[in-house]
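Here are some short exercises to work through with the structure on your screen. Try each one yourself before you read the solution.

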Amino acid sequence: MRYAKKIAVPYAQRQRVRLPAQKWKNYALTLNHLRAEGNAFVLAEGAEKEFTTDYNAQILIATQTRLVTIFTTINRVRLLQDNRQWIIPDITEAEDYVLQTGTRILYMLSPNSLYFDENATLNNYVKKPGGYSMAVHKDRIFFAGTDGKLYWSFVYPDRGFRATGTQESGAVDLIDGSLGKVVRLLSLGENLLLFRERGVERLEGTADPLTFRLVKTDVEYRAVHPKSVARCGGKAWFFTDGGLYVTDGFSAERILNAAEGEIDLSATVHGSSYGGEYYASVARRGGQRQVYCYDAVYGCGRFIGLASNSLACLHGVYRLFGSGVDKLCGSALPEVGEVSAKFEYDLTDIADGVGYLEAVEVEGRGMFEAEVTANGVTRRAKGEAGKRLALGGAIRANRVTIEIKPQGTAFALSGIVLCKRREVVYDN
């Protein structure tokens, strides 16, 4: 008697999975020189020269009304709009205040002194002890002294630190040594926030200094980057060695999808905000300093391919690089890096078992290169949006890394379609 031979017959199930760009933030998205516009990604901002300053100045600061550069090597402070400069040692911060009369006072802080400049006359408030950080709050100038005290001035328009009645100037001891020294002051609504090395204190009170009191908050973190602290959307945003955080002065939370894995957080971060978004000058893992933005629309961090030594926001976003201060505007190709969107996707999210990725389709308009990597194997394909881009061989994997690179400047990237095959074996 003959028996029928059993054979295994493979049956291929093919699936098309659409991933709109808005969902990529769920898959460890990294954006390089792309920004959101509607439901798509387009080319990010370029830069136009606004001011010329000292070559290789290290710090760009936005006061309430002016941009200031600091060249620490030669102790030069330059007020860009007025093209005025001072030679003052060890200046680390600047701030200004405009009186109702129109008079503007510029403050400059060093560890040894608090300087103020009114109508081109440079004076000193305090020769000792100087301070670490300062802020204008409740019509006063506050600064954290190097002697462990928080000082505040007489209320405007008087600008002294003398005592007079209930509106006197004064100081309070910073007695909680467990938080470390004060590295940044920030006026946030009704409160003045004191960012210390390991946590935040809050100065509560009205304009009457007799009611000022320091309150320890629940905000604790690893080492904070002092120059990264900035008001954004009614809260304070800041980088620590553990990532990007936001606080209202009462509690804090870590910002998700901030792409901090691409940032060297051992280097200085200069932060600011404009238009409800947080911007910073950061060092990428490769060593190049670039402009960074947390995109509130897509809820993720993105990198703008513009070299930047420092960054500040006033009536726009400004970067300091070389001998110039440039304003971000329009769209342009990057100066450093490339244009791309990169994320990771688990193919088993759409079917059980191992997946075989055969092709991709890019949604939007323009020409693109798709690069897919899994298990050490990389496949690439180039073509027009809306067309099937065969990978030149299926990639067998559970998790794949997908990078989409626009080819040219006229494009819009709105999504991607994954063309997947899964083989199911039947016994007959």
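**Exercise 1.** How many residues of strand β18 are buried, and how is β18 joined to strand β19?

*Solution.* Begin with the cover. Strand β18 covers residues 182–188, and 7 of its 7 residues are buried. Keep in mind that this is a predicted model. Next, look at the partner: β19 (residues 191–196) runs antiparallel to β18, and 6 bridges join the two. For one of the bridge pairs, find Arg-184, whose partner in β19 is Phe-195. Finally, go to the turn: β18 and β19 make a hairpin with 2 residues between them. Gly-189 sits in this turn and has a positive phi of about 65°.

**Exercise 2.** In what order do the strands of the open sheet that contains β10 come, and which are the edge strands?

*Solution.* Step one is the order: the 4 strands are arranged as β10-β11-β12-β13, with antiparallel pairing. Step two is to look for strands that pair on one side only, and these are β10 (93–98) and β13 (121–126), the edge strands. From one strand to the next, the twist averages 25°. Step three takes you inside the sheet, where β11 (residues 104–109) and β12 (residues 114–118) pair over 5 bridges. Here you can spot Met-108 opposite Tyr-115 of β12.

**Exercise 3.** Is Ala-259 buried or exposed, and is Asn-375 buried or exposed?

*Solution.* First locate Ala-259, in the loop between β25 (252–254) and β26 (270–274). Its phi is near 60°, a positive value in a residue other than glycine. The cut-off for buried is under 20% relative accessible area. Ala-259 has 14% relative accessibility, so Ala-259 counts as buried.

Now turn to Asn-375, in the loop between β34 (355–374) and β35 (377–384). Asn-375 is not a glycine, yet it has a positive phi of about 50°. Exposed means over 50%. With a relative accessible area of 64%, Asn-375 is therefore exposed.

**Exercise 4.** How many helices and strands does the chain have, and what does the C-alpha trace span along its principal axes?

*Solution.* Count the elements: there are 0 helices and 37 strands. Then take the dimensions: the C-alpha trace spans about 115 × 45 × 35 Å. For burial, 54% of the 428 residues count as buried. The chain exposes about 19000 Å², with carbon and sulfur atoms supplying 46% of that area. As a last step, consider charge: the mean positions of the 53 positive and 49 negative charges lie 6 Å apart.

Conventions:
Residues are numbered from 1 along each chain as its sequence is written. This is a predicted model: local features need pLDDT of at least 70, side-chain atom pairs count only at pLDDT 80 or more; totals for chains, interfaces and linings use all residues. Side-chain values use heavy atoms; hydrogens and water are left out. Two strands pair if DSSP finds at least two bridges between them. Axes are lines fitted to C-alpha atoms, for helices over the stretch in contact, and angles run from 0 to 180 degrees between N-to-C directions. Buried means under 20% relative accessible area, exposed over 50%, partly exposed in between (1.4 Å probe, protein chains only). Accessible areas come from the Shrake-Rupley method with a 1.4 Å probe; for residues, only the protein chains shown count as cover. Lys and Arg count as positive and Asp and Glu as negative; His and the chain ends are not counted. The place of a charge is taken as NZ of Lys, CZ of Arg, CG of Asp or CD of Glu.
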